[in-house]
Amino acid sequence: MRLDDRLLDFFNRPLMCIIAVADGAGRPSAGRGVGFHLLEDRETIDVIFSHWQWPRLEPCIRQTGRIAVTFVSPSDYVSFQMKGSATMREPEAADLDRADRFMTVATNELEALGVPRHLIAPWLTARETRVARLAVSEIYVQTPGPLAGMLAGTKAGARSQ
């Protein structure tokens, strides 16, 4: 599923990222992403996370090949969830740079909203960096309100299962 211009604009905002997966038996696991990269095809997103902090994410992705990633703007709670197939790839130097920028921007945004920096630091680490490549097949609005759960781009009726 191709990301439209509105979503591309959204990805230029300070964001937080939550990753959700399940293992082969359906047991869920979640963790915090610390960076991302939208590929030029506008259908693929590399999602960066810490294996050290979230050790169940990688094995679940390798087992099922599925992932859901929710991106949230902390200043106004505008949120979108992307779901699709996923593979793991080796992290590169550019991924570490992206993670550093993401964590800096997120920390500054949260601090501007009144969250003390010392409380933010434990949430965001790129220790033992991993990268999941998400091929987006579904996009849902997750912003609180009447459109929450709807497929992005629809006006009514299509809700998440």
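This report walks through the aromatic pairs, the largest pocket, one threonine and the cysteines of a predicted model.

**Aromatic pairs**

Let's start with the rings. Searching the whole structure turns up six aromatic pairs. One of them joins F36 and F102: the ring centres are 6.1 Å apart and the planes meet at 85°, so this pair counts as edge-to-face. F36 belongs to strand β2 (residues 28–38) and F102 to helix α3 (residues 93–112), so the pair ties together parts that lie 66 residues apart in sequence. Both partners also appear in a wider cluster, in which ring pairs link F10, F11, F36, F71, F80 and F102.

**The largest pocket**

F36 and F102 turn up again here, as both help to line the largest pocket. Its volume is about 230 Å³. The rest of the lining is made by F11, N12, R13, P14, L15, H37, R98, R101, V105 and A106. Which elements give two or more residues to this lining? They are β2 and α3. Helix α3 gives the most, with five residues.

**A closer look at T125**

T125 sits in the loop between α4 (117–120) and β6 (129–141). A polar atom of its side chain lies 3.1 Å from the backbone nitrogen of R127. Once neighbours within four places in sequence are set aside, T125 is in contact with V34, S50, W52, Q53 and M103.

**The cysteines**

How many disulfides does the model have? The count comes to zero. C17 is in no disulfide, and the nearest cysteine sulfur, that of C60, is 16 Å away. Looking from the other side, C60 is in no disulfide either, with the sulfur of C17 as its nearest cysteine sulfur at 16 Å. A pair would need its sulfur atoms within 2.5 Å to be counted, so at 16 Å C17 and C60 do not qualify.

**Burial of the residues discussed**

Finally, here is a handy overview of relative accessibility for residues met above. Buried means under 20% on this scale, so each row can be checked against that cut-off.

| Residue | Relative accessibility | Class |
|---|---|---|
| C17 | 1% | buried |
| C60 | 3% | buried |
| F102 | 10% | buried |
| F36 | 16% | buried |
| T125 | 18% | buried |

To bring the threads together, F36 is buried at 16%, F102 is buried at 10%, and the two rings form an edge-to-face pair. T125, at 18%, also counts as buried.

Terms used: Residues numbered from 1 in each chain as written. Predicted model: local features only at pLDDT ≥ 70, side-chain atom pairs only at ≥ 80, totals over all residues. Heavy atoms only, no water. Buried < 20%, exposed > 50% of the residue type's maximum accessible area, 1.4 Å probe, protein only. Helix = DSSP H or I, 4+ residues; strand = E, 2+ residues; numbered from the N terminus. Polar contact = N/O pair within 3.5 Å; in protein donor to acceptor, adjacent residues only side chain to side chain. Contact = heavy atoms within 4.5 Å. Phe/Tyr/Trp six-rings, centres within 6.5 Å; stacked < 30°, edge-to-face > 60°. 1 Å grid on protein atoms, 1.4 Å probe; cavity = no way out; pocket = protein on both sides within 12 Å on 5 of 7 lines; lining within 4 Å. Points joined across faces, edges and corners; volume = space filled by probe spheres on them.
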